[in-house]
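Here's a quick tour of the protein in front of you. Have a look at the fold before reading on.

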Amino acid sequence: MKAIGKNLIIQKVKEGTTSTKGGLLLAKNQREDIRYIEAQVMSIGEEVVGIKKSDIIFYDRHAGHKIELGKETYHVIKLSDVVVVL
């Protein structure tokens, strides 16, 4: 699987749960107050600079599209959707 152009193929980092004031358990990616999601880069397009495979990034939660291969779910996003590289 290889990304093309300025696209990245990423996989969301498994997240734990958080508790609300009322005791309701929420997955971190379900919280509406968090705009950016943590992910690991699986593949980068040939036009992507500043990011390499296996980097941990934060990207806009509304960006990209899902791809399912086997039992794994990946996301394809544009380079411009990345806000932080760790």
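## Strands from end to end

Start at the N terminus and read along: the elements go β-β-β-β-β-β-β-β. That adds up to eight strands and zero helices. Keep in mind that you're looking at a predicted model.

## Overall dimensions and contacts

If you lay the protein along its principal axes, the C-alpha trace spans about 50 × 30 × 20 Å. How do the contacts join up along the sequence? Take those between residues at least 6 apart in sequence: 60% of them join residues at least 24 apart.

## Inside and outside

The protein has 86 residues, and 28% of them are buried. On the outside, about 5,900 Å² is exposed, with carbon and sulfur atoms supplying 53% of that area.

As for charge, there are 14 positive side chains and 11 negative ones. Work out the centre of each set and the two centres turn out to lie 2 Å apart.

## A closer look at Arg61

Now for a single residue. Arg61 sits in a loop, the one that runs between β5 (56–60) and β6 (65–69). Is Arg61 buried or exposed? Its relative accessibility is 19%, and the cut-off for buried is under 20%, so Arg61 counts as buried.

You can also place Arg61 relative to Val13. The two are 48 residues apart in sequence, while their C-alpha atoms are 13 Å apart in space.

Technical notes. Residues are numbered from 1 along each chain as its sequence is written. This is a predicted model: local features need pLDDT of at least 70, side-chain atom pairs count only at pLDDT 80 or more; totals for chains, interfaces and linings use all residues. Side-chain values use heavy atoms; hydrogens and water are left out. Helices (H or I, at least four residues) and strands (E, at least two) are DSSP runs, numbered from the N terminus. Buried means under 20% relative accessible area, exposed over 50%, partly exposed in between (1.4 Å probe, protein chains only). Contact means heavy atoms within 4.5 Å. Accessible areas come from the Shrake-Rupley method with a 1.4 Å probe; for residues, only the protein chains shown count as cover. Lys and Arg count as positive and Asp and Glu as negative; His and the chain ends are not counted. The place of a charge is taken as NZ of Lys, CZ of Arg, CG of Asp or CD of Glu.
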